[in-house]
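Work through the exercises below with the sequence and the model open. Try each task before reading its solution.

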Amino acid sequence: MLGQGEKQHFGYAETLQGGLPGTRDILFPLRRTSDATTYGTPAIVPARNLKHTVTEKIAAWVAEERAFGHDFLFIPVFIGCGAVLWFSLDAAPSSLVLAFAFVLVAGLALIVRYTPGFMSVACSLFAFVLLGMLLADFETRRAGTVVLDTPVTTTITGTVARREVDARGSWRYVVRLTATEAPTLSRPPQTISVLSRGGGQPAALGATIRGKVRLSPPSGPALPGLNDFAFASYFKGVGATGFFYKPPQTLPPLAGDVKAETGWLERADMWLYGLRSAIAERIRLTIGDDAGAFAASIVTDERQAISAETMEALRLSGLAHIVAISGLNMALASGIFFVGLRLAFSLFPGFAQRWPVKKIAAFAALLMTLAYYLISGFAVSAERAWLMMSVMLIAVLFDQPSLSLRNVALSALVILAFSPSEIMGPSFQMSFAATIALVSAYAAWSRWRIDRDRLFIGRKPAWMTVAGTVGAVIGGVVTTSLIGGLSTAIYSAEHFHRVTTYGLFANLAAMPLMSLIVMPFGLLAMLLMPFGLDAPFLKIMGYGMALVIEVANEVASWDGSAATGRPHGWFIGIASLGFLLLTLLRSRLALLGIPVLLFAFALSAATTSRDPPDLLVHEDGELVAMVEDGKVFTTKARPPDFVYGQWQRALLLPEKPVPPVVLAAEAIVSNAVLGPKTKLAPKEVAAVTREMTVALRDAETGVFTCRKGVWCAARAGSGEWIIVLEDGRFAGTACDIADIVVVSRRTSFSQCRSGALLLNRNILRRIGSLEIDFANMDQAGVVGRLRAAISGTDRPWSEHRYYDWKSGRFDHEVPDAVNRLLAASE
């Protein structure tokens, strides 16, 4: 028998153990009816407030996001929003005001950082937005690129900074100008990009060349809302593009001048680009054809040598991302090197046991990745991939998780700090979208796999392990291709106005070739190239590239590229918000991104379903198109694909426009009479007037009738008369006849006395390409709606449009008639 003290002792022990069950409870777990306990009436539970419940859940989800550090992921998002806002403004705000506002808000954010509530969060986010605006302002001032104001033919002298060969053997040079003559430019750009046709021996890097060139400013948007190529050129430092009339002459270097003018950093940069060009040339010569050019592009990022047919097949098949040095190429190269080095260390067990071979392999892979980046041309996709892989490998050195959204955020912060303008381009947006989506999907799959593996106790059967490995490989390729395609579709529709529908099949066939043939043998070839042993491995790499090209050609023949049309102006902002919510959040708050994405696509679908404008005018005034009854009538028999291709994809126009009717030699006025004269005789003006009037009255509706090199005229179905002139001497006559007059030359007057709308070269330079809707029955005048691509903007990359080389000043003046139409269309 136990004493009372002992019973109390064991009772106390029982209490410490949490009330363990007794013997009776273990042997007879089910209670008998006699053991039933009588309970009182349960208390009535009060109904919970729905608003209070939702608030509690949201607070719990937000706490979960903060517990996992996901609030850090939104720092580059808000810095990027600030940069986008600054670049999108029509005029730049004061730098001093921005700096003062940032210091004020950042200081307030530090003061209230520990204060619970909305105030601290709002101050921090606003400070990051202002920081992004300041970074954008600083980069713009640092670039300071002078952009050529008007097309010109001149003779240039300069130094070759870059060079790259294209598929036809022509060389494109990036030249730093030192002098211009005949004429001497009053506002010359510092750097130009010029093409030298005809092949031959190229000029060496650093050489001084001289030749006659035709230069033009970078083109602006082909339509309102489309890509402004002058923006990218401004931040690349290229102020003009053009071509040599004949191969340039290489001048002997002046004694001591080159080294005196260039510092060691510029010389190192030039040496690095020389090495890059030599590697690309070696790969192209060893492999040959498009396969060699394709292989050189994924090593050195020189893409000009790939033929236009192959590039188009890669775009239509959804494999164009392989050409750019991006996360795929960098991950395969560093991953193969890292795994291969660890396998090599495993052959020496003694060494592998004494030394941290994993960290040694990671450090070596880090150096290899840096070397890859240095010869890649410093593209933003390569920069992002290098930063991402570097952060991952450094994480291995410090025994931290390598693949995480935090590493992606760090990469974005570095790029935004040094080059915030990259956020406006498709390369940055598509690259980071694919990376974020893949890393987020991998994190979600990892959490699911951990929860699933808890159901298995002990070792899995062999057949289950093999099946799981095979399924993981196949499923990984399929899932990666699907996620990558869907995540970049938003930005493909925004910038290129088309998506690939068969990209999944092309990637399924091409990715094994890239992973098992191209990148492994390409890496071995690069490691052995200094010893001259690279040729056999380059040949095998080229065989893999040829198979990838065959896949691209086959899938492209299925005609799987679909034009999406120009989306709504708010589409990319709303869709990006939904995408970021869906991918950056891990709690159920991520589901908020789905309705936001659906709303963005619905808004864009409503926009693309609208009727296209009635008249399109390119900024040079030489290409004009009229849209009538689902057909497009142009002033050119073969309009430039660079311009018309953008029109076709943005407005969902027919691929082939209706060409103009060109008058024969026996027409009323011969071209000999219309030669270049300083003054026209009255009878010549009268003859041209009759000829244009007859063409407008008798021609088929919408079809342009043209006198080559002089004028084109067309009549719209609603009765409007349009005349397009290449000879400004007939502008006054055209104003008396037509309702809309487009002149690709300068005119002595800026408004028609008849009330017709005049769009001459100066006006088009200042407002850009146009969309015109004719007035309906309820509107007065001829034009009901006029939208311009550049109207109202005054930014450094568009400043050249307002410079007048004759007066040497900037002139923003636009005729009142045009201003009224633009204001009424806003």
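Two strands pair if DSSP finds at least two bridges between them. Strands (E, at least two residues) and helices (H or I, at least four residues) are DSSP runs, numbered from the N terminus. The model is predicted: local features need pLDDT of at least 70, side-chain atom pairs count only at pLDDT 80 or more, and totals for chains, interfaces and linings use all residues. Residues are numbered from 1 along each chain as its sequence is written, and side-chain values use heavy atoms, with hydrogens and water left out.

**Exercise 1. The open sheet**

Task: Establish how β9 and β10 pair, then give the strand order of their sheet.

Solution:
- Step 1. Strand β9 (residues 615-617) and strand β10 (residues 624-628) run antiparallel and are joined by 3 bridges.
- Step 2. Check the register: Leu 615 faces Met 626 in β10.
- Step 3. Extend to the sheet. It is open, has 5 strands and reads β11-β10-β9-β18-β19, with antiparallel pairing.
- Step 4. Look at the edges. β11 (631-634) and β19 (783-788) each have a single partner strand, so one side of each has no neighbour in the sheet.
- Step 5. From one strand to the next, the twist averages 20°.
- Step 6. Add the helix. α23 lies across β9, β10 and β11, at about 140° to β9. Axes are lines fitted to C-alpha atoms, for helices over the stretch in contact (heavy atoms within 4.5 Å). Angles run from 0 to 180 degrees between N-to-C directions.

**Exercise 2. A hairpin and its next strand**

Task: Trace the pairing from β1 through β2 to β3.

Solution:
- Step 1. β1 (residues 152-165) and β2 (residues 171-181) pair in the antiparallel sense over 10 bridges.
- Step 2. Arg 163 has Tyr 173 in β2 as its bridge partner.
- Step 3. Inspect the turn. β1 and β2 form a hairpin with 5 residues between them, and Gly 169 there has a positive phi of about 85°.
- Step 4. Move on to β3 (residues 191-196). 6 bridges join it to β2, and the two run antiparallel.
- Step 5. Here Arg 172 stands opposite Leu 195 in β3.

**Exercise 3. Aromatic pairs**

Task: Find what Phe 229 pairs with and which parts the pair connects.

Solution:
- Step 1. Set the criterion. Rings of Phe, Tyr and Trp (its six-membered ring) pair if their centres lie within 6.5 Å; planes under 30 degrees apart are stacked, over 60 edge-to-face, the rest tilted.
- Step 2. The whole structure holds 21 aromatic pairs. In one of them, Phe 229 and Phe 642 are tilted, 5.1 Å centre to centre with 45° between the planes.
- Step 3. Phe 229 lies in α7 (residues 229-236) and Phe 642 in α23 (residues 641-651), so the pair ties together parts 413 residues apart in sequence.
- Step 4. Check exposure (buried is under 20% relative accessible area, exposed over 50%, partly exposed in between; 1.4 Å probe, protein chains only). Phe 229 is partly exposed at 27%. Phe 642 is partly exposed at 47%.
- Step 5. Compare Phe 231 and Phe 235, also tilted, at 4.9 Å and 55°. Both lie in α7, 4 residues apart, about one turn of the helix.
- Step 6. Phe 231 is buried at 12%, and Phe 235 is buried at 17%.
- Step 7. Ring pairs link Trp 86, Phe 87, Phe 231, Tyr 234, Phe 235 and Trp 797 into a cluster.
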